[in-house]
Amino acid sequence: NGNTVDVLLESARFTPLSIRSTSRALKLSSDSSYVFERGVDPVNVDLASQRACQLIIEVAGGTLAEGVIAAGVANPELLEVTMRPQRCHQLLGYETPTERILDIFTRLDLSPREENSVIACTIPSHRLDLEREADLIEEVARMVGLDHIEIQPDMHLTIRKPQAMVQAKRTICDVLVAHGYCETITFSNLPVDQAKLFLDFEMSLIMMNEEQKPAEPALRPSVLPSLLAVRKHNQDLGNHDIRLFEIAQVFGQKPEGCERSTGTEIAMLADAPDIAAALRAMKGTVSEICDQLGLAIYFEQPNEKLHPTAAQDCVLVMHDDANGQRIVGSLMTPTAAVADQFSLQAPVVMGWLDYEVLVNHQPPQRTVGQLPRFPAIERDISIVVDEATPWAQIASSLDATSPALLETVEFVGVYRGKQVGKGRKSVTFRMLFRDPDKTLRHDEVDPQVGAVVEKLKADVNAELRTA
């Protein structure tokens, strides 16, 4: 408009992440978005505004009004990054005198200063690429010349002990592979109908951008549906006797305050021609994992349904000194709805373990004692209990009795047949008694065995089997 006499000039900078996400969401890219996605010098925003005003006055005339209006986040303080010359020599493979490094940084306007064999640099606002020590070392290599980096004929490696968490993961994978499980690597997104089946009772789904994954927009709340999808694929190919496991992240959202939570889960799935036998085999695998990690766990039948996809389940309970008893996993058979969703033609059993809880207790604290000086006495006890009575309940009753000379209790086996009656089973366990100061006599052990049997009669309605 030729009548315009007052002009308001705006000079701004934008958050790179916001520009990048908006540009991708709108599928619109421009020269401006290309620049602002990568960040601009925050200090030069005001200088650019002043330079624009100067050019307008020189070309078109006019008078510059006094003052500016500033809004938004203030300019950040200049970043200070340190570099060790010795580390620079180590990474580049050749030695550059400290004096030359200081000269290079001075010419780059980094205001270097040396103190206690460390060079501290104040990073100018326009050098957004300099954030850490490695960036400064790269500047030295660039200014000295990358062609000065010689090819070394030898490579020197320092062997360090594996981290406790890394070693724990290897142990878990080794045990599962030894039991016939194959590791899978699957995507973390699922169709909504599959993800909803595996939602915890108190969680809701976290959704992705539906434009990127229109068919599978939900982040998985459990790794189990991914394993079921792999099982379905193998079923279509005619493969049987499948055992799968995966260690991966799971995602969920708590209702209060929409708090997001992530965790890492060990998921297992196995074909189950005989469901009871398959569950026992999976319990054995889990028990070996925990034994290798030095963790004491026991299985417990819950009073209520703890997992929405479980037709029947048992949970793994671990005693934590800080948190008391806590559930660290579950073994289960899927519901009919889950089997129909994945079109399973054969029964399977599946389970999950809280990976983070297991590895956070590493390395295991093991107690080592002297070898026993005196022999032990073993007693095999067979009791008849109701079919629904789990071994965990029997073991808990044995722990509560705590005979003075009892050293270990070991599960031996279960018998079902006409001799014990319908709805009942015979459970056999082995107790080992030892006196650290002398050789035991059988008449010293008999009262303790009797106390155990009486305790089991009271707690689990047990009968001592004599034949």
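This note goes through a three-stranded sheet, one buried aspartate and several salt bridges in a predicted model.

1. **The sheet.** Three strands make up an open sheet, and their order is β1-β3-β2. The pairing is antiparallel. At the edges sit β1 (80-83) and β2 (113-115), each pairing on one side only. Neighbouring strands are turned by 30 degrees against each other on average, direction ignored.

2. **The β1-β3 pairing.** β3 spans residues 118-122. With β1 it pairs in the antiparallel sense, over 4 bridges. Where does Glu80 find its bridge partner in β3? That partner is Thr122.

3. **Helices on the sheet.** Helix α5 (residues 98-107) packs on the sheet and touches β1, β2 and β3. The direction of α5 makes about 5 degrees with that of β3. Helix α6 (residues 133-144) also packs on the sheet, and here the strands touched are β1 and β3. The direction of α6 makes about 65 degrees with that of β1.

4. **Glu133 and Arg84.** The model holds 22 salt bridges. One of them joins Glu133 and Arg84, with the closest N and O atoms 2.9 Å apart. Glu133 belongs to helix α6, while Arg84 is in the loop between β1 and α4 (85-92), so the pair ties together parts that are 49 residues apart in sequence. Are the two partners buried or exposed? Glu133 counts as buried because its relative accessibility is 18%, and the cut-off for buried is under 20%. Arg84 is partly exposed, at 41% relative accessible area.

5. **Asp380 and Arg430.** A second salt bridge to check is the one between the side chains of Arg430 and Asp380, at 2.8 Å from N to O. This pair links distant parts of the chain. Arg430 is in strand β15 (residues 424-433) and Asp380 in strand β13 (residues 377-386), 50 residues apart. Arg430 is partly exposed, with a relative accessible area of 25%. Asp380 is partly exposed too, with 45%.

6. **Asp386 and Arg424.** Strands β13 and β15 are also linked by the side chains of Asp386 and Arg424, which meet in a salt bridge at 2.6 Å, N to O. Asp386 lies in β13 and Arg424 in β15, 38 residues apart. Asp386 is partly exposed, with a relative accessible area of 33%. Arg424, in contrast, counts as buried, at 15% relative accessibility.

7. **A network.** Which residues are joined by salt bridges that share partners? Arg127, Asp129, Glu139 and Arg142 form one such network.

8. **Asp271.** This residue is in strand β8 (residues 260-271). Why does Asp271 count as buried? Its relative accessibility is 11%, and buried means under 20%. The side chain of Asp271 reaches the backbone nitrogen of Asp241 at 3.0 Å. Leaving aside residues up to four places away in sequence, Asp271 touches Arg231, His240, Asp241, Ile242, Ala278, Pro347 and Val348. Asp241 thus appears both in that contact list and as the partner at 3.0 Å.

Terms used
Residues are numbered from 1 along each chain as its sequence is written. This is a predicted model: local features need pLDDT of at least 70, side-chain atom pairs count only at pLDDT 80 or more; totals for chains, interfaces and linings use all residues. Side-chain values use heavy atoms; hydrogens and water are left out. Two strands pair if DSSP finds at least two bridges between them. Helices (H or I, at least four residues) and strands (E, at least two) are DSSP runs, numbered from the N terminus. Axes are lines fitted to C-alpha atoms, for helices over the stretch in contact, and angles run from 0 to 180 degrees between N-to-C directions. Contact means heavy atoms within 4.5 Å. Buried means under 20% relative accessible area, exposed over 50%, partly exposed in between (1.4 Å probe, protein chains only). A polar contact is a pair of N or O atoms within 3.5 Å; within protein, one must be able to donate a hydrogen and the other to accept it, and residues adjacent in sequence count only if both atoms are side-chain atoms. A salt bridge is a side-chain nitrogen of Lys or Arg within 4 Å of a carboxyl oxygen of Asp or Glu.
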